[in-house]
Amino acid sequence: MKSTAAAGGGMILGFSWMASCQPKTEEELLEMPNEWFEINSYLKIGDNGVTTIYTPNPEFGQNVRTSMPMLVAEELDMDWKKVIVEQAPYHVSKYGFQFTGGSRGIMARWEPLRMAGATARHMLRQAAATTWNVPLEEITTSKGMLVHETTKNKAGYGEMASLAGTLEVPEKVELKAIGDFKIIGKSHKNVDIKDIVTGKAMFGMDVQKEGMLYAMIIHPPAFGMTLKSMDESAVKSMPGIKDVVTIKSYKDDFAKGGFDTNAFPEIVAIVGNSTWEVMSAKKKLNVDWSPFKAYTETINGFRGEQKVNIPAGLESTQIHKQKMAELAAKPGKVVRKDGNPEEAFQNAAKVLERTYSAPFLAHNCMEPLNAFAHVKSDKATISAPIQIPNFIIPTLSASLGIPAENIEMDLPRMGGGFGRKAYAHYVVEAALISQKVGAPIKLIYSREDDMTQGIYRPAYQATYKAALDENNNLIALHVKAGGVPESPLFANRFPAGALDNYLAEEWVIDSNITIGAFRAPRSNFMAGAEQAFLDEVATESGKDPIQFRLDLLNRAKDNPVGDRNDYNAERYAGVLELVREKSGWDENPNNLNRGVSAYFCHNTYAAHVLDLSLEEGKPIVDKVCCAIDCGVVVNPDAATNMAEGAITDGIGNAFYGELTFENGVPQKSNFDKYRMIRMSEAPKEIDVHFVQNEKSPTGMGEPPFPPIFGAVANALYKATGERHYSQPFLGDKRVLG
């Protein structure tokens, strides 16, 4: 490390990433510029050519803080070793929609960020052309250098940055051809790696401000209950306690958006000098709760305006299961119908029917919810780990009565997200507490608060039925799916379009248990159910599981049924063919204890082959071979890391993930009961391969997650001879048998 005074104060980072742990010589360390020149909102160039690139989207482990600046640096034609990356704060006019979720980060920023780099490069070339009095088209660039070959003039970007920053921004610039990329497509280490492994304060939980007080919440002990009254007299005099307040997240007339979900909008907050003092006071506070009445609310989300029924009562998992069984036995809402499935089933030589289920899941980010807020009379300063700042600003403005333009928000790194930190009620809570007590506040959820407050992956169930003819050919498929309180069905995904006769129905059960996006929403259940069922149909048909799927996809490619199919059959088949090759599937006719699964979601195709063995009845995942088609792979190491993380996460949830309820109370509140995968239980080997093409990038954070559930189920069948229909496959058990 080497630090010197920087313009405006600050510190010099003496490395760009952790290439090795060997000490660097003084010449190898980045020197900070004496002066910076802003070229556009995404980058500024120092007088010595060092370039700061701002990453607009929040980061929670998917590595956009490295991959997004790579897009800018590529078109800028910058030397990556001279790039410094900084997180941009929330600023809608500069950075647009700063959304990390839905595996849309790179896909949505693919052209805009490249345009930012290409525009800056054009302006630097223009500055050089003006300075040297030569035609613009004769100026070339390479690794942060401007060159005019005829006159032999050369200059670093830093020498032209001052003039470039004053030039008119061009309306249109040409982007590089994919074949000309020098940075994109090459692996680059996470720019934050050394800060992460050395524990530098960079997460929301690390935020510390002068005069800051700590706050923690008390929410109802059960879903279906609300605040009745409280008596703070026992805690007001406790050491370090400053105040006890009640807050209500939303005003009564507030029109909620899709991410304004909040399990308990009215809570009690205790404010004090330290977390320990506040936690101690929580145990002493006397709060009364009462059941609430049923109500209906209108939510304006991604699917438009929707009426949501919130029933009264204290719900239990056993009751949910009974209602699911009842609805599964009745006709559902028909979402898609091709051909004449009723007739096909009547004439079938054989009918196979199976029902799959999965429980509620808690997100369990390693960093529990937290937020810093300092609200003054007409201004609010926020620093919080949040996935979608754009959506919480209107809510903050309405709840605080402060204009949106007077709300500033920093975006620290998130210690996990998975959809949970898209629902930023905790940010509103922190701001309201700050406003009420008149002080800067750091709100911290305990692990128990986080796990029992919601928001959860819904509980799901799906019944699949297949009709086979006398030659064991699949001639019809019927899927009926539903959940508490949403349906997981994607009616237009594979195998829709691959069969003449197809029927898809759905149903829902209203609930007051609050749900929300969970890594690859809905797909995280449907992929496992669908792929486990198709595997069983393939076995019943006497066909190889991969070839069985490929035959269906060839039909969907060559002679598709319907025009609403939302997948590309050729790309879908491509990942199956690649995983068959790379896993050596055909070289082992018996395929040992191998399970295969493939799925399409978030515009990406993923296929897995999972090898499993049993040691004293305990399943051991020996290897997972993975094939992915996500278009251009911006940063191969980062993409591989995301696949490895998704696979490991999925295996853990398939084996152990479960949250149950009794009279509205979550039955697990910490990791002593909520079973997470252990390091020793992770796959011994994960082998990731990407289909090579020049299609624009698509999602990576979520697509490898859903199909792993089916691969686990299918491998377990090979190992044990038994099919698994209900998740978790192991639960609290450690062995099978």
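**Close-up views of a predicted model**

**View 1. Asn 663 is partly exposed, with a relative accessible area of 43%.** Burial is judged by relative accessible area, with buried meaning under 20%, exposed over 50% and partly exposed in between (1.4 Å probe, protein chains only). This is a predicted model, in which local features need pLDDT of at least 70 and side-chain atom pairs count only at pLDDT 80 or more, while totals for chains, interfaces and linings use all residues. Residues are numbered from 1 along each chain as its sequence is written, and side-chain values use heavy atoms, with hydrogens and water left out. Asn 663 is found in the loop between strand S28 (661-662) and strand S29 (665-666), where helices (H or I, at least four residues) and strands (E, at least two) are DSSP runs numbered from the N terminus. Its phi is near 50 degrees, a positive value in a residue other than glycine.

**View 2. Asp 77 also has a positive phi, near 65 degrees.** This residue is found in the loop between H1 and strand S4 (83-87), and at 7% relative accessibility Asp 77 counts as buried. Most residues other than glycine have a negative phi, and most peptide bonds are trans.

**View 3. Two cis peptide bonds are shown, one from Gly 454 to Ile 455 and one from Val 484 to Pro 485.** The bond leading to Ile 455 has omega near 10 degrees, and Ile 455 is placed in the loop between helix H12 (447-452) and strand S22 (459-468). For the bond leading to Pro 485, omega is near -5 degrees, and Pro 485 lies in the loop between strand S23 (474-484) and S24.

**View 4. Helices H13 (residues 523-541) and H14 (residues 545-558) cross at roughly 105 degrees, their axes coming within 9 Å.** That angle makes H13 roughly perpendicular to H14, a class that covers 65 to 115 degrees. On the H13 side, the contact (heavy atoms within 4.5 Å) is made by Gln 531, Leu 534, Asp 535, Val 537, Ala 538 and Ser 541, and on the H14 side by Pro 545, Phe 548 and Arg 549. Arg 549 forms a salt bridge with Asp 535, the closest N and O atoms being 3.3 Å apart, where a salt bridge is a side-chain nitrogen of Lys or Arg within 4 Å of a carboxyl oxygen of Asp or Glu. Arg 549 lies in helix H14 and Asp 535 in helix H13, so the pair ties together parts that are 14 residues apart in sequence. Both Arg 549 and Asp 535 are buried, and they belong to a network of salt bridges that links them with Arg 354, Glu 536 and Arg 723.

**View 5. Arg 114 and Glu 75 form a salt bridge whose closest N and O atoms are 3.1 Å apart.** Arg 114 lies in helix H3 (residues 105-132) and Glu 75 in helix H1 (residues 64-76), so the pair joins parts that are 39 residues apart in sequence. Both residues, Arg 114 and Glu 75, are buried.

**View 6. Arg 519 forms a salt bridge with Asp 649, with the closest N and O atoms 3.1 Å apart.** Arg 519 lies in the loop between strand S24 (501-508) and H13, and Asp 649 in helix H16 (residues 636-656), so the pair ties together parts that are 130 residues apart in sequence. Arg 519 is buried, with a relative accessible area of 10%, whereas Asp 649 is partly exposed, with 22%.

Terms used
Axes fitted to C-alpha atoms, helices over the stretch in contact; angles between N-to-C directions. Parallel < 35°, antiparallel > 145°, perpendicular 65-115°, else oblique.
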